[in-house]
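Welcome, and please open your viewer. We will go from stop to stop, selecting a few residues each time and looking at what is there.

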Amino acid sequence: MKKHIVILGGGFAGIYTAMYLEKRLGKRTDVEVTLINRENYFVFQPLLPEVISGSIEIQHVINPIRRLCPRTNLLMREVESIDLEAKVVTTSPGFRPTPSRVSYDHLVLALGTIMNFSRLPGLQQHGFPFKNLGDALHLRNHIIHVLEEADNERDPELRRALLTFVIAGGGFSGVETAAELNNFVREVARHYKHLDPDEVHIILLHAGDRILPELSEELGRFAEKLLQRRKVEVRFKTRLAGASAEAALLAGGEKIPTKTLVATVPVGPHPLLDALPCKKEKGRIVVNEYLEVPDHPSVWALGDCAWIPDPKTGGGYPPTAQYAVREAKCAAANIRAAIQGGEKKKFSFSALGMDGVLGHRSAVADVLGVKLSGFPAWVLWRAIYWWKLPGFERKFRVGVDWLLDMILPKDIVQVKTGRSESISQEHYEPGEIIFRQGDVGDRVYVLIRGEVEVVRQEAGGERVLAKLGPGDCFGEMALLRDEPRSATIRALSRVDALSIYRRDFEVLTDHVPGMHQIFEQLMLERLSGRTRSTSSSSDG
Ligand SMILES: Cc1cc2nc3c(=O)[nH]c(=O)nc-3n(C[C@H](O)[C@H](O)[C@H](O)COP(=O)(O)OP(=O)(O)OC[C@H]3O[C@@H](n4cnc5c(N)ncnc54)[C@H](O)[C@@H]3O)c2cc1C
C-alpha cells in the first residue's frame, strides 16, 4: 500500500517540505505526496512590499508550485476541515459541487496565520491587509487611485485625507511597507500636475516603544531615524483601535482622517487549526522538538502556525521565512525516518541574521553579529533575497526588474482587474457623514447596525428629517430619480451598512420580482412625509 503524505499550505513551510521530500524520497513509487493550497503559486513574501512601488513586477514575486515541486500532486483547493481521528482532510468543491475528501498517512500542517481584522471595528471593511499577492496588487491600485483623485480634489480636508497613508504595525512587514509606500508616493507625486510631494503624509503606528523589535535596539533606532528623515511620522505606543470610511481610529480616541489604512496587525491563529483538539501556545500548535504534534502520531506542524520549543530561550522559534525553510528540511527528514525507519532529528537553528529594507536604497541588517545600515545593508539585503529566490528563472526576472528600476521612472498605471463596483460593507463612527446633500447618488445603503439621522440644510440652518435604524435603507431616491442627494446622512452611533453600487442596485431592481415596486413605494412614502419603521421620513 502506498503511503500518502498530505501537506496543507503552499507557503515557505509547505513548499520547502514538498521540495525536501522530493529530494529525500527520490523516485520511490510507494510514497505519494499531495500539497493542498488555495493558489497554484508560492508567494515570496519578503519581496512583496516591492510590488507596491513596482520595483518588482507582480508575477515575479510568485513561483508556480508545479514547477517547484514537479513530483508532488497539487490540489488547488480551499481546505475546509481536518479530521485527525479519521485521518481525512476535506476540501472545497471544484467545478462539480461536491467536496473532496483526502485521506493521509502523514499530515503536515503549514497553513500559516491569518490577519484577524474582525476584532477591531471597521477594519475588515476599510483596512488593507498586506500578506498575499492580491493584497499587494489591490493596495498598489488603491494608492494610484487616491493620487489620481487628490490631483483633482479642491476640498482641503478631503485632499489631506487622500494624501495621508497610515500603516499599522512596526514589525518587519509594517516598516518595509511604510518605507516602500513612502518611496513610491513621494517619487510619483511629481508626475501629477497638482500634487506637491510635501503634501504627502505617511504615518507608521507602533504599539511598542521601538520599531523592528526583531533587530537590535541600535538598528531599530537607526531605522526609525532614517524613516523620520524621509518624512515618515513614526508614532510609538500607539494602538490602532479600528477604522471607518473616513479615518483610522486610535486607542486613545484620536482619529486620523485617511482613505488608506494598511494593517499588518493583528495577526491571529488560522481558524482551521484553532478548531483542532491540540495544545496551542499563542494560537500556534505546540509541537515537540521533532516537529510532531504530541498525541497525534504522523501529524507534523511547522512554519508560522506552529509553536516549536527553543531550548536556548525557553520560548518558541520566531515565525519567519528563514525558520520555516529550516523547519521544512527537518520535517522532511523526520517524515522519511518515520516511513522507512531511522533516527529522527531534533530541530535546532540559530538565525544567521535579520535584515529589513527601508526604501531609497537603504536597509538595516544584523548578519552573523555584524550590524550594517544604509547602502551596504541594502546591497547585502538584495543579494541575500536574490540568492534565496527559488528557481533560476525567477532570479533572472527579479534581477532584470531591479536593473530596470534603477534606470527607468516608476510606473503609475492602475491595473483594473475587475469591476470596481460591487456590494460591500462600510463602517462609520458617530458623527461621520455617509453622504452629503448635493452629492452624486452613486449607491444605496441598508443599515445593518446602528442609527443614522437624515438632515437637510435649509435657509434657516439644519433640519433633522428622520432617524433610521437597522433594516432601514437610504439613498435610493437619488438613484431612482437620477438627481443629486437631497439630504445628508450622519451616523448617530457606530454604524455598519451594506452599500450597493448603482449598477448592482439597477440589476436587482430590474430583475428581482417586486423589488422596483418596493423602492418606488418607499420613495413615494418618503416624499409624502409618511413613515416606515423607525423613520419619520427619509431622503437621499
Ligand atoms: C509583507 C511581509 C514581509 C515579510 N518579510 C520577511 C522577511 O524579510 N524575512 C523573513 O524571514 N520573514 C518575512 N516575513 C514572514 C514570512 O513571510 C513568514 O514567516 C512565512 O511566509 C511563513 O510561512 P508559512 O508557510 O508558515 O505560512 P504562509 O507563508 O502564510 O503560507 C500559508 C499557506 O497556506 C495557504 N492556506 C491558508 N489557509 C488555507 C486553506 N484553508 N486552504 C488552502 N490553503 C490555505 C495560504 O494560501 C498560503 O499559501 C514577511 C511576511 C510578510 C507578510
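**First stop: Arg 394**

Select Arg 394 and show its neighbours: leaving aside residues up to four places away in sequence, Arg 394 touches Gln 59, His 60, Ile 62, Asn 63, Pro 64 and Leu 389. Keep in mind as you look around that this is a predicted model. Arg 394 belongs to helix 12, which covers residues 392–407. Is Arg 394 buried or exposed? Its relative accessibility is 9%, so Arg 394 counts as buried, the cut-off being under 20%.

**Second stop: helix 1**

Now select residues 12–25, which form helix 1. Try the distance tool on the C-alpha atoms at its two ends: they are 20 Å apart, which agrees with the 20 Å that 14 residues should span at 1.5 Å a residue. How many of the helix 1 residues are buried? The count is 11 of 14, and the helix is mostly covered. Colour the buried ones, among them Phe 12, Ile 15, Tyr 16, Tyr 20, Leu 21 and Leu 25. Glu 22 is also on that buried list. Just after helix 1 comes Gly 26, with a positive phi near 55 degrees.

**Third stop: the ligand**

Next, select the ligand and the 28 residues around it; Ala 13, Gln 45, Val 79, His 270 and Asp 304 come nearest. Three polar contacts are good to display here:

- Glu 78 has a polar side-chain atom 3.2 Å from a nitrogen atom of the ligand.
- Ala 321 places a backbone N or O atom 3.0 Å from a ligand oxygen atom.
- Tyr 385 has a polar side-chain atom 3.0 Å from an oxygen atom of the ligand.

On its own the ligand has 1000 Å² of accessible area, and the protein covers 92% of that. Which elements give two or more residues to the shell around the ligand? They are helix 1, which you have just visited, and helix 10.

**Last stop: the nonpolar cores**

In soluble globular proteins, nonpolar side chains tend to be buried together. The largest nonpolar core here has 119 residues, and Leu 8, Leu 47, Leu 107 and Leu 109 touch the most other members. Select residues 321–340 to see helix 10, which gives the most to this core, with 9 residues. Another core lies apart from it, with 17 residues that include Ala 245, Phe 435, Tyr 445 and Val 452.

To finish, zoom in on Leu 107. Not counting residues up to four places away in sequence, Leu 107 touches Val 6, Leu 8, Ile 82, Leu 84, Val 89, Ser 298, Val 299 and Trp 300.

Conventions: Residues numbered from 1 in each chain as written. Predicted model: local features only at pLDDT ≥ 70, side-chain atom pairs only at ≥ 80, totals over all residues. Heavy atoms only, no water. Core = buried A, V, L, I, M, F, W, Y, C linked by side-chain atoms within 4.5 Å. Buried < 20%, exposed > 50% of the residue type's maximum accessible area, 1.4 Å probe, protein only. Helix = DSSP H or I, 4+ residues; strand = E, 2+ residues; numbered from the N terminus. Contact = heavy atoms within 4.5 Å. Expected span 1.5 Å × (residues − 1). Near = heavy atom within 4 Å. Polar contact = N/O pair within 3.5 Å; in protein donor to acceptor, adjacent residues only side chain to side chain. Areas by Shrake-Rupley, 256 points an atom, 1.4 Å probe, with all protein chains shown as cover.
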